[in-house]
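Reader: Please take a close look at one part for me: the site around the ligand. Then show me how the strands and helices that belong with it are arranged.

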Amino acid sequence: MQHFERPIVAGGLPLGHVLLVHEPSAIRHVLLENAANYRKDRLQRRVLSAGLSDGLLAAEGEQWRLQRRVLAPMFARKTVINFSSAMMAAAEALMDRWSALGERATIDVAAEMARVTLDVVERTIFSDGFGSDAEAIRVAMAVYFNTIGKISPLDILGVPDFVPRLSRFRVRSTLKFFEAEVDRVISTRRRILAEQPDRAPSDLLTDLLQALDSEAEDRITESEVRSNILTFIAAGHETTANTLSWAMFLLSQAPHWRERLEVEADRELSGPIPGVADRLVETRAVIEEAIRLYPPIAAISRVALAADDLHGEAVRPGSLIVISPYVLHRHRLLWDRPDAFDPGRFLGNARTTIDRFAYLPFGVGPRKCIGSTFALQEATLVLAAIVRQFRFQPQPGHVVWPTLSVTLRPANGLPMIVTRRPS
Ligand code: HEM
């Protein structure tokens with residue numbers, strides 16, 4: 001296909017002028033150097049902004065700038081390292097569940113990875129738990145994010161939001177319940193912070209509420225707190241779940257790498273937990289290679305405000321620029337053996353040869369993913385915990401194939417047979 005071989009492909013869709021851009025210097029221009037001329041496009045914003053309209057992902061202009069400044073320290077390396085134990089605890093709960101299934105159980109890895117990443121969300125945002133309704137809230141949360149994660153054909157046509165979408169309509173009561181529960185958890189925590197601040201757990205919710213109550217100029221509002229909680233869950237859980245599913249699939253096809261990861265996990269997971277993700281160098285390389293081959297966000301798009309020029313191609317006001325990490329990461333002009341699974345690309349010196357604008361699982365420029373350190377640490381820890389205890393093979397006869405529904409995930413789940421590693 002020409003997309004995998006040409007730097008820029010221009011075309012006209014019935015909806016307007018489109019440029020598919022897969023050339024590193026043109027990408028640098030759109031997402032970094034001239035980023036002010038390219039705003040997030042409407043389709044993406046609509047899809048991603050259901051209930052999230054005041055959150056970082058959907059905000060624009062001054063509101064976005066202020067939020068990014070306030071939220072950045074919450075996702076900085078030194079904060080994220082403190083989440084290592086919460087992430088490991090979620091991985092261990094997963095291992096306990098699998099152990100209880102007995103030998104050679106068939107599990108849907110895609111569903112299990114969604115569960116563990118939601119568990120991490122719960123332990124890092126709401127570390128004192130959801131209270132007595134925890135299970136009902138978890139179910140509602142899964143429905144919520146499954147619903148807003150699906151693009152309705154009406155969204156693509158740009159039909160206004162007030163036209164009810166069938167899928168949203170059906171689950172409306174679940175959504176209301178979930179939103180009300182999030183509000184309840186927030187107000188309980190505010191009370192604790194006001195009355196007994198020493199008792200407040202240190203997690204993302206406390207950080208957000210402190211930003212709300214701060215005297216500083218860059219306070220965020222109450223509705224921004226709630227929107228950002230929903231945003232972190234929406235942007236962070238399915239993407240990381242898919243990363244883990246693809247990494248498990250790829251490892252099941254590469255016994256040599258599986259063995260290397262087993263050795264690494266045996267060696268490193270018995271040491272101290274904080275900082276362990278940095279020592280799991282090969283596990284991390286497998287994760288980075290998995291999101292090269294199957295980037296969870298398969299398209300980054302922008303709309304041009306003013307005319308511009310990209311590598312000799314004219315950009316018009318209103319042109320849609322689409323950068324597909326999936327195409328970019330398998331581009332014939334940019335990668336050696338683009339379709340081959342080789343985590344070695346991310347180890348040692350090899351990694352320094354990768355062009356910064358040829359590998360974009362987390363985007364680049366001012367709107368790059370705020371949660372990338374969090375996600376890489378989480379995926380690395382969970383994968384290491386799994387390979388340390390289990391081996392896994394796809395269920396015979398099940399065809400594994402990617403499908404795009406906001407994120408790139410395995411079509412029809414990923415049934416795998418898991419067996420305990422011989423000790
Ligand atoms: C493997 C997992 C993840 C992947 C592949 C991923 C990918 C991305 C990409 C490509 C963007 C940029 C979109 C664009 O420029 O149009 C983005 C933005 C964002 N991501 Fe992630 N993400 C992941 C995990 C997370 C996590 C764990 C969180 C939070 C807890 C998160 C929160 C966000 C937010 C808030 C933005 C918007 C940033 C802004 O506009 O300033 N992501 N992500």
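Author: What follows starts at the ligand and works outward to the strands and helices. Keep in mind that this is a predicted model.

Start with the metal. The ligand carries an iron atom, and the only protein donor to this iron is Cys369, through its SG atom, at 2.3 Å. Where does cysteine 369 lie? Cysteine 369 sits in a loop, with α16 (325–329) on one side and α17 (372–389) on the other.

Now the shell. The ligand is surrounded by 28 residues. Trp64, Arg68, Arg302, Arg367 and Cys369 are the closest. So the iron donor is also on that list. Three of these closest residues deserve a separate look. Tryptophan 64 places a side-chain N or O atom 2.7 Å from an oxygen atom of the ligand. For arginine 68, a polar side-chain atom is 2.7 Å from a ligand oxygen. For arginine 302, a polar side-chain atom is likewise 2.7 Å from an oxygen atom of the ligand.

Which elements build the shell? At least two residues each come from α3 (61–71), α12 (222–252), β5 (300–304) and α17. Helix α12 gives the largest share, seven residues. By type, the shell holds 15 nonpolar, eight polar and five charged residues.

Next, follow β5 away from the ligand. β5 pairs with β8 in the antiparallel sense, over four bridges. Within that pairing, valine 303 has leucine 320 of β8 as its bridge partner. Strand β8 (residues 320–323) also pairs with β2 (residues 16–21). Here the strands run parallel, and three bridges join them. Leucine 320 appears again, as the bridge partner of valine 18.

Then follow α17, the other shell element to trace. α17 lies across β9 and β12. The helix runs at about 95 degrees to β9. Those strands belong to an open sheet of three, in the order β4-β12-β9, with antiparallel pairing. β4 (105–108) and β9 (390–394) are the edge strands; each has a single partner, so one side of each has no neighbour in the sheet. From one strand to the next, the twist averages 35 degrees.

Look at one pairing in this sheet. β4 and β12 (residues 415–420) are antiparallel and share four bridges. Aspartate 108 has proline 415 of β12 as its bridge partner. A further helix, α5 (residues 84–99), lies across β4, β9 and β12. α5 runs at about 70 degrees to β9.

To close, return to the iron: Cys369 is its only protein donor, and the loop that holds this cysteine lies between α16 and α17.

Methods
Residues numbered from 1 in each chain as written. Predicted model: local features only at pLDDT ≥ 70, side-chain atom pairs only at ≥ 80, totals over all residues. Heavy atoms only, no water. Donors = N, O, S within 2.8 Å, 3.2 Å for Na, K, Ca; no water. Near = heavy atom within 4 Å. Polar contact = N/O pair within 3.5 Å; in protein donor to acceptor, adjacent residues only side chain to side chain. Nonpolar A, V, L, I, M, F, W, Y, C, P; charged D, E, K, R; others polar. Pairing = 2+ DSSP bridges. Axes fitted to C-alpha atoms, helices over the stretch in contact; angles between N-to-C directions. Contact = heavy atoms within 4.5 Å.
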